[in-house]
Amino acid sequence: MMYDWLKWIRQQGASDLLQQYHIDLDEKGFFWHYEGHIQRLNWMHQYHDLIEDGAFKKYALIRAIKGRTGADRYILDCCAGLGKDAMLMAVSGCQVLTCERSPILFALLKDHLDRYQLNHMMHCVYADAITLMENWPISRLKPDVIYLDPMFNIVPRAKVKQHSWLLQSIGMRTDNEQLFNRALSLAGDKVVVKRSRRNDHLVSMKPTYTIEGKTTRYDVYQR
Ligand SMILES: C[S@@+](CC[C@H](N)C(=O)[O-])C[C@H]1O[C@@H](n2cnc3c(N)ncnc32)[C@H](O)[C@@H]1O
């Protein structure tokens, strides 16, 4: 039996956003309207291919997370969004705990993981990452790597892809300085920050090094 994530969203008092962004649920999962078409989360199953041929290794994100050793890491992804990056890190062999504070995005991600029976790939919590890190129990294993992908600057609608549009519209802003400082004090090894190639660094501190992707870059802050 599928968990009723639509009901859960209503219980969180977030139904108005469903109406505002025309998000609804049918037997195939959540959908929304974008540029006159119905859009759905549809990418989780593609990750099976990445596991089979090992193609995940060439991704800049994986190189930034794993470093030269290529060792599997325990990762806290503070900005789950629709879980695409978290899934890639999980596929690469890392243990991933991810958190999201937008009830709608959290429910969309959880529903999608339920449908594809992928809950075992990552642990997903509905929480504010700053609060989660502030209250990290002393007895709990610390993450080796903390991954931050807070919202970039707003891009004109015509230039963003369907999923990015939803993230940009519904994703919640955060105090970047506080998020970064908390992450740096908790991470066992490093903090990795995703930025658009055009963006400044997230905070005034310069990264130890940077790994460039096609349109994004990963600023690595070694502890
Ligand atoms: C750019 S999106 C992340 C996209 C994600 N990396 C992916 O692959 O789909 C940023 C997300 O972080 C979430 N977020 C921002 N600040 C947060 C915080 N303090 N705690 C939890 N989630 C946060 C936003 O609601 C948004 O969904």
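Strand 4 and strand 7 (residues 145-148) run parallel and are joined by three bridges. Helices (H or I, at least four residues) and strands (E, at least two) are DSSP runs here, counted off from the N terminus, and two strands pair if DSSP finds at least two bridges between them. One of the links involves Asp77, whose bridge partner in strand 7 is Tyr147.

Before going on, two notes on what you're looking at. This is a predicted model, in which local features need pLDDT of at least 70 and side-chain atom pairs count only at pLDDT 80 or more, while totals for chains, interfaces and linings use all residues. Residues are numbered from 1 along each chain as its sequence is written.

**The seven-stranded sheet**

Strand 4 (residues 74-77) also pairs with strand 5 (residues 95-100), in the parallel sense, over four bridges. To get from strand 4 to strand 5, the chain passes through helix 5 (residues 84-91), and this β-α-β crossover is right-handed. That term means that, with the strands pointing away from the viewer, the path from the first strand over the helix to the second runs clockwise. Which residue of strand 5 is the bridge partner of Tyr74? That would be Gln95.

Now for the whole sheet: it is open, has seven strands in the order 6-5-4-7-8-10-9, and its pairing is mixed. The edges belong to strand 6 (123-126) and strand 9 (209-212); each has a single partner strand, so one side of each is left without a neighbour in the sheet. On average, neighbouring strands of this sheet are turned by 20° against each other, direction ignored. For such angles, axes are lines fitted to C-alpha atoms (for helices over the stretch in contact), and angles run from 0 to 180 degrees between N-to-C directions.

At the strand 9 edge, the pairing is with strand 10 (residues 216-222): the two run antiparallel and share four bridges. Ile211 has Tyr218 of strand 10 as its bridge partner.

**The three-stranded sheet**

There's another open sheet, with three strands in the order 1-2-3 and antiparallel pairing. Strand 1 and strand 3 (37-40) sit at its edges with a single partner strand each, so one side of each has no neighbour in the sheet. From one strand to the next, the twist averages 45°. Strand 2 (residues 29-34) and strand 3 are antiparallel and joined by four bridges, and Tyr34 has His37 of strand 3 as its bridge partner.

**Helix 6 and the loop after it**

Take helix 6 (residues 103-115) next. At 1.5 Å a residue (the expected span is 1.5 Å times one less than the number of residues), its 13 residues should span 18 Å, and this agrees with its end C-alpha atoms, which are 18 Å apart. Is helix 6 mostly covered or mostly open? Mostly covered: 10 of its 13 residues are buried. Buried means that 20 or more other C-beta atoms lie within 10 Å of the residue's own, exposed means 12 or fewer, and partly exposed is in between, with C-beta atoms placed from the backbone. Among the buried residues are Phe106, Asp111 and His112.

Just after helix 6 comes Gln117, with a positive phi of about 50°. Most residues other than glycine have a negative phi. His22 also has a positive phi, near 50°, and is not a glycine either.

Here are some loop residues side by side.

| Residue | Loop between | C-beta neighbours within 10 Å | Class |
|---|---|---|---|
| His22 | helix 2 (15-20) and strand 1 (24-26) | 11 | exposed |
| Gln117 | helix 6 and strand 6 | 9 | exposed |
| Leu118 | helix 6 and strand 6 | 17 | partly exposed |
| Asp128 | strand 6 and helix 7 | 15 | partly exposed |

Leu118 and Met44 are 74 residues apart in sequence, with 8.3 Å between their C-alpha atoms. For Asp128 and Arg101, 27 residues apart along the chain, the C-alpha separation is 5.0 Å.

**Around the ligand**

Finally, the ligand. Of the 23 residues around it, Cys79, Gly81, Lys84, Gly171 and Thr174 come nearest; a residue counts as near if its C-beta atom, placed from the backbone, lies within 6 Å. Helix 5, strand 5 and helix 7 (129-134) each supply at least two residues of this shell. By type, the shell residues divide into 12 nonpolar, five polar and six charged. Ala, Val, Leu, Ile, Met, Phe, Trp, Tyr, Cys and Pro count as nonpolar, Asp, Glu, Lys and Arg as charged, and the others, Gly among them, as polar.
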